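Trainee: Could you take one part of this model and walk me through it closely? I'd like to see how it sits in its own chain, and then hear a bit about the partner chain.

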Amino acid sequence: MEPVIGIDLGTTNSVVATVQAGTPVVIPNRSGYRLTPSVVAIAKNGKRLVGALARRQSVTNAERTVVSIKRLMGRKWSSRTTQEALTRLSYEVVPHDKERDDFLVKLGPESFSAPEISAMILAELRLDAEAYLGQPVSKAVITVPAYFNDMQRTATKDAGRIAGLEVVRIINEPTSASLAYGFNRQVGEKQICVFDLGGGTFDFTILHMYKGVFEVEATGGDTVLGGDDFDARIVDWLAEPFKAKQGIDLRKDKMSLQRLRDAAEKAKCELSSVKQVEVNLPFIAQSPTAGPLHLQAVLTRSDLESVTKDLVDRCLQVCEQVMGEAKVKPNAFGEVLLVGGQTRMPRIQEAVKSLFGRDPSKSVNPDEAVALGAAIQGAMLLHQEQEMLLLDVTPHSLGIAIAGGFFQSIIPKNTTVPTSAHHVFTTVKDDQTSAKITVLQGESEIAAQNELLGEFMMTGLRKAKRGEVDIDVIFDISADGIVSVSAIDVQTGLRQSITVTASSGLTEEEIAVAAKANEEWMLGQKEPPEWPARKEKAEQLFKQFEELWPRLENAAANGLGMEPLQRAKAAISVAKLQVANKESEGLAASVDRLERMLGALKGALERGLTSPRGGGQ
Amino acid sequence: MGSVLQNARGGGSDLPEELRKELTDFDKRSRGLSHYEVLGIAPDADGGSVRRAYLERSRRYHPDAWYGKNLGEYGPLLSKAFQRLSTSYQVLGDEDLRAQYDKQAAAKLNATDRAAVEKRKLSREEEERRHREGRERLLRSKGFARIAAARQLYQDAVSMAENGERARAIATLQAARELDPRRPEIAEKLAQLELEAQKARARFALQNGREHEERGEMPAAIAAFAQAFQIDPKSYDGALGAARCAFAAGEVQKASTFAAKAAEVAPQGESEARLLLGKAFIELGFKNKARHELTLVLSQHPDHKEARALLKRV
């Protein structure tokens, strides 16, 4: 059966999982860790680094290290979110195509789109999964925050394609976590909610579970509220007094900003278990007069709580709004699930407890539940192993721009997907041959305040008097939450061609080019197929030599001589080095040599300590 | 009949034949179906049943349930069926929308359904008031006063039940039980009334089924009969009705399932279910099974002409 993996592509960390023999498991990366930092860097020597390696060098190579790319996925260059994010980035982002209003991330001599950066993380996770499963992996379910709009979802799907993955489904993180919770749990009927505060986004989702069917009732969130914001508050808390005292803004220097940020995150995590931490950053800056400057501060849990109070309040407001939309009371839930690393913060757990009047569930791991759920969804779809079904909803209203710059909703938010809706357009001029439809997603009545998904041009309309041509435009939202538009001439039943005239997404061609580049990179990373067998053979030989060694030493003392032993020893150490460096070809030769030596030495022992045949004295 | 099955089989789709037939039928009739009929529930079903019916049906109609299968020409139908299902649920799952829909649809509903809708509306208002009152009393009473209050509520409930106000009686008894959970007669009366309510719902569904059958609206009739059988697993009429309508609609597999269930709960001397089962088996090509069923019919009614003729054929 072809494996399918579930990927939680997080803002700060990513996790990959699969379902093995009916059990969902997290796949450790090739360094043995279950979490892979969502960090990508191009090292000074031009090598691509992903994960912990990239993170480790981020201080010394801040300008060529990309963190939190998820925040920029599917965004437009001119959007407020992008422009705000720019002020906090240590890497360079430049506008790209004016028409598409997109941007590129500059890493040394090269530039990459946001999906390409995400694809690097996905490719790494794919390699981890292939190493773990011992077979190629090409199918994946990737999670996104429930509140992601169509463009962000499409960008994520594109990233998957660039990484050479067939993205079976994009699913929402909180829903995914609930699948992990509901898996193999005999819950008859239960209403649950998921409070998901990750590195960059916040989602609140209400679900109803009944006999393995998971129905999302309502979902809402904030795509720019997450652990990163908590870190930023600590960074400010550290940098402001320093600026006041020394006149130097540490946030202006990329290297010191990266150090501050690392220290802030570390302090924040520690404050989940202790009441206060000391932040110590020696040589953080250079004063023109006083020489090197150091930063030293003590941060208490209550300091942290007071500088992040409004962030916690924002989360609670979202919860109340979503509960209001779903007409559900806070005490109605049979279970409250916490997902995302930031929910480890004691203040958040207290706030959740007091809002819902119950202790949050401890039965799911906040870091791993999302990836596990994605793996379960993959198995549900492709292997039909589980008797489970997911009914998800679209998080935003979908509609069109109408006269006067207003927005007309066609598919309201929280509608179960897949869904579709029609809208009939009529020509307004005689012999009108084309018409433009502007498709938007959002909740504002003003068209311009919603997210523009694209402009669609219907061309080749039949010539007729105005008002005589009716075009039925069909809007489809797939089970992934991705939108497609088609149109039919009502009178003739002919399908109209529709072309996208404005979209911030990548073109098919760009995806193909990026996918090919990635494929080449992966080939360079991959071990040749015979490597695992070769490595295993070598390790068996090491063991056999080890077991034989006392007898050989004995034989050496009794006439065999030390020389064959020394030669074996040297060959073994060469082979061990080749194992460590993954030198497949070299190891093949070593294995041959070691096998011959072992045979000869064994023969010598049997024949009674005479000089080994073929040992070449 | 045979030719209908042949057509369905020629569809080039991996979906089970029964579902393909169901989808075609549903597509033909869905415009005329009420939201209640789409979900296969009675117009007085409560919110929980609406949701359960929807989730239960989603397992069958959601495209993900058939992910990776070649749906062929049935793909769009499946998607349409699911969307129709979720539209109906969206309306009936929301009390406000449902009230609005009931009002609008009142003209189109038959007398029974309209009565049920009206009854539900009134009983809901009544229930809410009762509950509120019960709670208020509960808050006020303490210690022995609670037991006295419970006794009063119990007596009220008994007289309500005698007046035929079952919904109110049940709500009152529930409040009484909260006040005094250890009093056995409260729990007993409650259980009795709930059983009666269940039987009434089953009767309602049966009636609904017969009406649809008369009008030739087979999918709705099947759904209603099946529901009667689901509410009351001993309902011979429900199972038989579902089997009869399914057979008439060409859903032979379904007909045989229901007929077999009907035969299990058939009253002594009643062999309609077996005859139907026999016919279904003939259609499905299970000659031995058909022979067995028909022989059983004849052993009860030796001069049953139709059974004899069919037996001769196989």
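**A close look at one helix, then the partner chain**

Mentor: Sure, and keep in mind that this is a predicted model. In chain B, 55% of the contacts with a separation of 6 or more are between residues 24 or more positions apart; hold that thought while we look at chain A. Let's zoom in on helix 6 of chain A, which runs over residues 227–246. Its 20 residues, at 1.5 Å a residue, should span 28 Å, and the end C-alpha atoms are indeed 28 Å apart, so the two values agree. Just after this helix, A:Gly247 takes a positive phi of about 75°.

Now for burial. The buried residues of helix 6 of chain A include A:Asp228, A:Asp229, A:Asp231 and A:Arg233, along with A:Phe230, A:Ile234, A:Val235, A:Leu238 and A:Phe242. A:Gly227 and A:Ala239 are buried too. What do they pack against? The partners are helix 7 (254–270), helix 8 (301–307) and helix 9 (309–326) of chain A, plus strand 16 (276–287) and strand 17 (291–300) of that chain.

Back to chain B, then. Chain B has 16 helices and zero strands, and 42% of its 314 residues count as buried. Where the chains touch, chain A puts in 15 residues and chain B 14. On the chain B side, helix 4 (47–61) and helix 5 (74–92) are the elements giving two or more residues, and helix 4 of chain B gives the most, with five. By character, that side of chain B splits into six polar, four nonpolar and four charged residues.

Definitions and conventions. Residues numbered from 1 in each chain as written. Chains lettered and ligands numbered in written order. Predicted model: local features only at pLDDT ≥ 70, side-chain atom pairs only at ≥ 80, totals over all residues. Helix = DSSP H or I, 4+ residues; strand = E, 2+ residues; numbered from the N terminus. Buried ≥ 20, exposed ≤ 12 C-beta atoms within 10 Å, placed from the backbone. Contact = placed C-beta atoms within 7 Å. Nonpolar A, V, L, I, M, F, W, Y, C, P; charged D, E, K, R; others polar. Expected span 1.5 Å × (residues − 1).
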